[in-house]
Amino acid sequence: MYFELDEQQRDFAASIDAALAAADLPSAVRAWSGGDTGPGRKIWSQLAELGVTALMVPERFDGIDAHPVDLVVAAERLGRWCVPGPVAESIAVAPILLADDERAGELAAGELIATVALPPQVPRAVDADFAGLVLLADGGQVRDASAGAAHQSVDPSRKLFDVDATGSGRPADVARAYEFGVLATAAQLVGAGQRMLDMAVEYAKQRTQFGKPIGSYQAIKHKLADVHIALELARPLLYGAALSLADGSPDAARDVSAAKVAASEAALLSARSALQTHGAIGFTAEHDLSLWLLRVQALHSAWGETNLHRRRVLEALP
């Protein structure tokens with residue numbers, strides 16, 4: 001099936017790209033990893049100005065109440081630029097958990113950034129030391145929570161925290177919130193995979209072997225073409241899952257899981273190919289590629305391991 005974004009969605013993606021291209025994201029991610037969230041907070045302020053933080057917030061709380069496809073468009077761009085912070089949690093999940101909570105207005109305005117633990121699939125909350133609101137959701141209820149012990153992630157810019165409930169439970173559509181978290185994570189993986197592919201293509205034009213750019217060799221062309229195909233096959237699954245969620249389809253969970261599996265596998269393939277194309281320099285922390293390599297490894301298992309999502313797809317088959 002072929003999906004085409006409309007002009008407004010393409011302009012939205014371009015506006016995010018323009019803002020983040022000028023923000024020096026690699027420096028912000030490295031600062032975040034070292035405990036300095038100042039540059040990252042400025043980036044989140046820019047996202048709020050663009051309306052990204054208001055996408056899934058209801059209109060009655062000054063949100064946009066956007067279509068899930070718009071969320072996919074934004075999350076893919078944020079993955080492409082490796083934006084630090086609880087992206088899926090604050091932009092996609094918290095607005096659903098706080099659907100009847102006036103604090104959703106603070107999410108829309110960018111005045112409040114939230115993170116979420118949703119056990120058992122999401123047992124810990126990412127960046128709970130940065131977020132102004134920590135939520136714990138399970139059993140059809142959501143509760144305010146506080147950050148506990150910190151744990152290092154494979155991506156040093158994504159610290160994980162145990163959480164402890166501090167408030168009473170309130171009814172919330174936890175199941176739907178989970179699906180949106182998976183969808184936003186899958187979209188980030190596709191964006192990150194596309195960025196690594198672009199980096200590999202550019203480097204293949206510069207790196208020479210036997211007096212020729214390595215990009216001129218058929219083996220390299222085929223390897224990078226395989227990544228391009230994998231990413232292009234994952235995108236329709238993302239949009240299809242977004243449409244299923246928007247329509248309340250009974251197959252939404254299956255479609256979301258299929259998108260997560262395809263996005264994870266495409267992003268990992270892109271990571272391997274980019275690393276092989278760059279050679280030894282790709283292993284160094286000083287090279288920007290390392291930021292995307294680590295982010296993909298972290299997001300690959302975030303919001304459910306691939307085996308879990310494969311199982312959900314299989315169980316949904318007739």
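The C-alpha centres of domain 1 and domain 2 are separated by 21 Å in this predicted model. The domain assignment places residues 7-173 of the chain in domain 1 and residues 175-316 in domain 2. Where the two domains touch, domain 1 supplies 34 residues to the contact and domain 2 supplies 38.

How much area is buried between domain 1 and domain 2? The size of an interface is often expressed as the accessible area that is lost when the parts come together. Here the area buried between the two domains comes to about 3,100 Å², and carbon and sulfur atoms account for 68% of it.

Polar and charged groups also take part in this meeting of the domains. Four salt bridges are found across the interface of domain 1 and domain 2. A salt bridge also joins R30 and D288, with a distance of 3.0 Å between their closest N and O atoms. Across the interface of the two domains there are, in addition, 14 residue pairs in polar contact, with both residues of each pair at pLDDT 80 or more.

It is helpful to look next at the side of domain 1 that touches domain 2. The elements giving two or more residues to this side are α2 (25-33), α4 (68-80) and α5 (87-97). Of these, α4 gives the most, contributing eight residues. Sorted by class, this side of domain 1 is made up of 22 nonpolar residues, seven charged residues and five polar residues.

Key:
Residues are numbered from 1 along each chain as its sequence is written. This is a predicted model: local features need pLDDT of at least 70, side-chain atom pairs count only at pLDDT 80 or more; totals for chains, interfaces and linings use all residues. Side-chain values use heavy atoms; hydrogens and water are left out. Domain bounds come from an automatic or database domain assignment. Contact means heavy atoms within 4.5 Å. Buried area is the accessible area (1.4 Å probe) that two parts lose on being put together, summed over both. A salt bridge is a side-chain nitrogen of Lys or Arg within 4 Å of a carboxyl oxygen of Asp or Glu. A polar contact is a pair of N or O atoms within 3.5 Å; within protein, one must be able to donate a hydrogen and the other to accept it, and residues adjacent in sequence count only if both atoms are side-chain atoms. Helices (H or I, at least four residues) and strands (E, at least two) are DSSP runs, numbered from the N terminus. Ala, Val, Leu, Ile, Met, Phe, Trp, Tyr, Cys and Pro count as nonpolar, Asp, Glu, Lys and Arg as charged, and the others, Gly among them, as polar.
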